[in-house]
Amino acid sequence: MEFQIVVANESHFGYAQEICDHMEASAKQRGTGIAKRYPEYICKKMTEGKAVIALKGDEFAGFCYIETWGHGKYVANSGLIVKETMRQSGLAKKIKSSVFELSRQKYPEAKIFGITTSAAVMKINSELGYKPVPFADLTDDEEFWAGCKSCSNHDILQRTQRKYCLCTGMLYDPVKEKNTVDADKTDRKVAIHARWMQMKADMLLEQEATAQAQDGQKTEQKAGFVSPRYDIMPN
Ligand SMILES: CC(C)(COP(=O)(O)OP(=O)(O)OC[C@H]1O[C@@H](n2cnc3c(N)ncnc32)[C@H](O)[C@@H]1OP(=O)(O)O)[C@@H](O)C(=O)NCCC(=O)NCCS
């Protein structure tokens, strides 16, 4: 059966506890102490239309939600979880892509970022256009960084004055992406224009050469001279 991936709403409240349980179990398994999420918080995200849920029939399959930081200048797609039995089938990629689109619709000006140690998440983020960046390029919203306090590696973050930790910071900057797309478009326009100018130059040169050849022939004929070129006839 195919997965159904939708923007979550009140009709999905019944999955909130299960989502939290999966998040907690996976955090324990990975040995990270991510901030514990409670069903009330998950339901709030669902009510606000800031979460994406994946279902297989009625069965829970995956989840992710949007958080805003720095007065909406930054957006994070957090709490990504795929049920263990449903992993490795491209579901996280679909959920992340869906929550990314939702974030772009809701906050078109915002920078979208994440911090992660997960190779899968880094791969997915890269495909969506995120770039690895120093932590200094991420939000300085204290509340966001407070979420790291329950992580077992928090001492590293403190020791480095929040410069780096085991997580990699990744950022999608809509302005930089737009400039890249615009630059690509300009490059393409310049390339097409250059090709067109080259074709035109070739045509003009050819016309000129033909005209010169015809002029030369007339002159030669007038002088009673036949160019050797016209003497060479196929056997
Ligand atoms: C991380 C997680 C969400 C991935 O879910 P998933 O549905 O298995 O991921 P996908 O199948 O969409 O895989 C996406 C890509 O990552 C790769 N990938 C998946 N799991 C991987 C792993 N453990 N290590 C390395 N790469 C992995 C896949 O091969 C795929 O790459 P591809 O496009 O080249 O095929 C899931 O393992 C999970 O819920 N883990 C626990 C919670 C967690 O770690 N959340 C992230 C917190 S930042």
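## Around the ligand

Arg87, Ala92, Lys93, Ala119 and Ala120 come nearest to the ligand, out of 18 residues around it (a residue is near a molecule or strand if its C-beta atom, placed from the backbone, lies within 6 Å of it). Three elements each give two or more residues to this shell: β4 (74–82), α3 (91–106) and α4 (119–128). Helices and strands here are DSSP runs, H or I of at least four residues for helices and E of at least two for strands, numbered from the N terminus. Helix α4 puts in the largest share, five residues.

By type, the shell splits into nine nonpolar, six polar and three charged residues. Ala, Val, Leu, Ile, Met, Phe, Trp, Tyr, Cys and Pro count as nonpolar, Asp, Glu, Lys and Arg as charged, and the others, Gly among them, as polar.

## How far to trust the model

This is a predicted model, in which local features need pLDDT of at least 70, side-chain atom pairs count only at pLDDT 80 or more, and totals for chains, interfaces and linings use all residues. Residues are numbered from 1 along each chain as its sequence is written.

The protein's mean pLDDT (the predictor's confidence in each residue, from 0 to 100) is 86, with 78% of its residues at 70 or more. Residues 224–235 are the stretch to be wary of: pLDDT stays under 50 there, and the model has four contacts for them beyond four places in sequence. A contact means that the C-beta atoms of two residues, placed from the backbone, lie within 7 Å. Where pLDDT is low, the predicted coordinates should not be read in detail.

## The sheet and its helix

The protein has eight helices and seven strands. Seven strands make up an open sheet, ordered β1-β2-β3-β4-β5-β7-β6, with mixed pairing. Its edges are β1 (4–7) and β6 (131–133), each paired on one side only, and the twist from one strand to the next averages 25°. Pairing takes at least two DSSP bridges between two strands.

Take β4 and β5 (residues 111–116): they run parallel and are joined by three bridges. Tyr74 stands opposite Lys111 of β5, and Val75 has Ile112 as its bridge partner. Five of the six residues of β5 are buried, so this strand is largely enclosed by the rest of the structure. Buried means 20 or more other C-beta atoms within 10 Å of the residue's own, exposed means 12 or fewer, and partly exposed is in between, with C-beta atoms placed from the backbone.

Helix α1 (residues 16–30) lies across β3 (59–69) and β4, at about 85° to β4. Axes are lines fitted to C-alpha atoms, for helices over the stretch in contact, and angles run from 0 to 180 degrees between N-to-C directions.

## Burial and long-range contacts

Over the whole protein, 25% of the 235 residues are buried. Of the contacts between residues at least 6 apart in sequence, 70% join residues at least 24 apart.

Lys56, in strand β2 (residues 51–56), gives a case of sequence-distant residues: its C-alpha atom is 6.5 Å from that of Glu2, 54 residues away along the chain. Lys56 is partly exposed, with 16 other C-beta atoms within 10 Å.

## Two positive phi values

His71 sits in the loop between β3 and β4. Though not a glycine, His71 has a positive phi of about 55°. It counts as exposed, because it has 8 C-beta neighbours inside 10 Å.

Gln161 is in the loop between α6 (154–159) and β7 (168–172). Its phi is positive too, near 50°, and it is a residue other than glycine. With 8 C-beta neighbours inside 10 Å, Gln161 is also exposed.
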